[in-house]
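User: Could you take me through this structure step by step? I am in my first year, so please explain each term when it comes up.

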Amino acid sequence: MTGKTFGLKAEITTADPDGIEAALADLVGVNAILKTDRGFRVNTTMTGENARDLNRSLLAALRRVSKMTTLRAEWTADGVTERFFDYVPRGVREA
């Protein structure tokens with residue numbers, strides 16, 4: 001399967017920071033995670049067919065660990081940035 005490389009900038013809030021941190025480390029790597037007062041910031045790249053599918057798979061993996069997890073994400077590829085709040089698209093703009 002071929003796909004595009006997307007840049008990911010995300011803010012994650014959760015009721016279970018320890019569990020989410022371990023899951024994030026497996027999903028995006030330890031170097032991409034920054035712990036904050038409210039949860040985590042992630043800055044990395046991921047490969048996939050489209051931003052919606054990548055966003056859905058990331059949030060689903062995090063919610064398997066803790067249902068009380070919120071994801072605000074910006075996925076950028078080919079000069080276009082797509083924003084999401086949890087599973088909901090929040091807009092598209094030129095990068």
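User: To start, which residue stands opposite Lys 4 in E3?
Analyst: Lys 4 stands opposite Gly 48 in E3. Please keep in mind that this is a predicted model, in which local features need pLDDT of at least 70 and side-chain atom pairs count only at pLDDT 80 or more, while totals for chains, interfaces and linings use all residues. Residues are numbered from 1 along each chain as its sequence is written, and side-chain values use heavy atoms, with hydrogens and water left out.

User: What does a name such as E3 stand for?
Analyst: The letter E marks a strand of at least two residues, and H or I a helix of at least four; both are DSSP runs, numbered from the N terminus. Strand E3 covers residues 39-48.

User: How many bridges are there between E1 and E3?
Analyst: Strand E1, residues 4-14, pairs with E3 over 10 bridges in the antiparallel sense. Two strands count as paired if DSSP finds at least two bridges between them. E1 also pairs with E4, again antiparallel, over 8 bridges. In that pairing, Thr 14 has Thr 69 in E4 as its bridge partner.

User: How many helices and strands does the chain have?
Analyst: There are 2 helices and 6 strands. Read from the N terminus, their order is β-α-β-β-α-β-β-β. The radius of gyration is 13 Å, close to the 12 Å that the globule rule gives for 95 residues, so the chain is as compact as a globular protein of that length. That radius is taken over C-alpha atoms, and the rule is 2.2 Å times the number of residues to the power 0.38. The C-alpha atoms fill a box of roughly 35 × 25 × 20 Å along the principal axes.

User: Let us turn to the hairpins. How many residues lie between E4 and E5?
Analyst: The hairpin of E4 and E5 has 2 residues between its strands. E4 spans residues 69-77 and E5 residues 80-85, and 6 bridges join the two antiparallel strands. Ala 77 stands opposite Val 80 in E5.

User: What about E5 and E6, how do they pair?
Analyst: E5 and E6, the latter being residues 88-94, pair in the antiparallel sense over 6 bridges. They form a hairpin as well, with 2 residues between them. Here Phe 85 stands opposite Val 88 in E6.

User: What is notable about phi in the two turns?
Analyst: Most residues other than glycine have a negative phi. Asp 78, in the turn between E4 and E5, has a positive phi of about 55 degrees. Asp 86, in the turn between E5 and E6, also has a positive phi of about 55 degrees.

User: Is Asp 78 buried or exposed? And what about Asp 86?
Analyst: Asp 78 is exposed, with a relative accessible area of 65%. Asp 86 is buried, at 14%. Buried means under 20% relative accessible area, exposed over 50%, and partly exposed in between, using a 1.4 Å probe and protein chains only. In the chain as a whole, buried residues make up 37% of the 95 residues.

User: Which residues does Phe 84 touch?
Analyst: Phe 84 belongs to strand E5 and is buried, with a relative accessible area of 5%. Beyond its neighbours within four places in sequence, its contacts include Ala 51, Asn 55, Leu 71, Trp 75 and Pro 89. Contact here means heavy atoms within 4.5 Å. Phe 84 and Asn 55 are 29 residues apart along the chain, and their C-alpha atoms are separated by 7.6 Å.

User: Where is Val 92, and which residues does it touch?
Analyst: Val 92 is in strand E6 and is exposed, with a relative accessible area of 61%. Not counting residues up to four places away in sequence, Val 92 touches Val 80, Thr 81 and Glu 82. The C-alpha atoms of Val 92 and Val 30 are separated by 28 Å.

User: One last residue: where does Ser 66 lie?
Analyst: Ser 66 lies in the loop between helix H2, residues 51-65, and E4. Ser 66 is buried, with a relative accessible area of 8%. With residues up to four places away left out, Ser 66 touches Thr 14, Ala 15, Asp 16 and Ile 20.
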